[in-house]
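Here are some notes for a first reading of this model. Please keep the sequence and the 3D view open while going through the points.

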Amino acid sequence: GKVRLAGVNREKADKHKSFGSYARAVLHRAQAHRVGPGRATAPTSEEQKEEDWVDRELAVLMTSDLDTEWKPQLDLWHHTALFYGLRLTLAPAIESLLLLDRLLFLREAPGVQAALIPCFD
């Protein structure tokens, strides 16, 4: 049994003044969806153990100073953005090199005719 969190992603980050405020709103929404009117059957004992654990962890998170705890990670977001941008920029060139290497390997074999044909723009 998995905990369903449908609709949790509907919380808008731009209306919150801090990460902690946003995280608490998402956690509150997740908790409301878990125990809300969407459950068709009573939880099994294993599901109940999982839900009890989630409730304990949510209680800890709701009382934590998330802004202070997450500040070092949030200050490093630009590294992730830079890496992702670099990856997007270099991916076509690296992919082309790999395809060219495979093409040259096939052409070295006697009696094999190979070509690269673009299927997509």
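1. Is Ile94 buried, partly exposed or exposed? The model is a predicted one, and the answer is computed from its atoms. Ile94 has a relative accessible area of 48%. Buried would need under 20% and exposed over 50%, so a residue in between is called partly exposed. Ile94 therefore counts as partly exposed.

2. Ile94 also belongs to a group on the surface. Together with Leu86, Leu90 and Leu98, Ile94 makes a nonpolar patch of about 360 Å². An α-helix has 3.6 residues a turn, so residues three or four places apart point the same way. Find Ile94 in helix α4, and then look for the other members of the patch, Leu86, Leu90 and Leu98.

3. The helix that holds Ile94 is α4. Helix α4 covers residues 77-108, which is 32 residues. From the first C-alpha to the last, α4 reaches 46 Å, and this is close to the 46 Å expected at 1.5 Å a residue. The end-to-end figure should be read beside the bend: α4 turns by about 40 degrees at Leu90. A proline, Pro92, follows Leu90 within four residues. Leu90 is thus named twice in these notes, once at the bend and once in the nonpolar patch.

4. Now the chain as a whole. The secondary structure comes to 4 helices and 0 strands, and the order from the N terminus is α-α-α-α. The chain has 121 residues, of which 16% count as buried. It exposes about 10,200 Å², with 62% of that area supplied by carbon and sulfur atoms.

5. Which parts of the chain meet in space? Among contacts with a separation of 6 or more, 53% join residues 24 or more positions apart. Two pairs can be checked in the viewer. Tyr22 and Leu66 are 44 residues apart in sequence, with their C-alpha atoms 9.8 Å apart. Ser64 and Gly20 are also 44 residues apart along the chain, and their C-alpha atoms are separated by 8.6 Å.

6. Two residues from those pairs deserve a closer look. Tyr22 sits in helix α1, residues 19-35, and is partly exposed at a relative accessible area of 27%. Ser64 lies in the loop between α2 (45-63) and α3 (66-74). With a relative accessible area of 14%, Ser64 is buried. Leaving out residues up to four places away in sequence, Ser64 touches Arg24 and Glu69.

7. How many salt bridges does a search of the whole structure find? The search finds 1. Asp75 forms a salt bridge with Lys71, and the closest N and O atoms are 3.0 Å apart. Asp75 is partly exposed at 41% relative accessibility, and Lys71 is partly exposed too, with a relative accessible area of 46%.

Conventions:
Residues numbered from 1 in each chain as written. Predicted model: local features only at pLDDT ≥ 70, side-chain atom pairs only at ≥ 80, totals over all residues. Heavy atoms only, no water. Helix = DSSP H or I, 4+ residues; strand = E, 2+ residues; numbered from the N terminus. Expected span 1.5 Å × (residues − 1). Bend = angle between axes of the 7 residues up to and from the residue. Patch = residues over 30% accessible without salt bridge, like charges linked within 9 Å, V, L, I, M, F, W, Y side chains within 5 Å. Areas by Shrake-Rupley, 256 points an atom, 1.4 Å probe, with all protein chains shown as cover. Salt bridge = Lys/Arg side-chain N within 4 Å of Asp/Glu carboxyl O. Buried < 20%, exposed > 50% of the residue type's maximum accessible area, 1.4 Å probe, protein only. Contact = heavy atoms within 4.5 Å.
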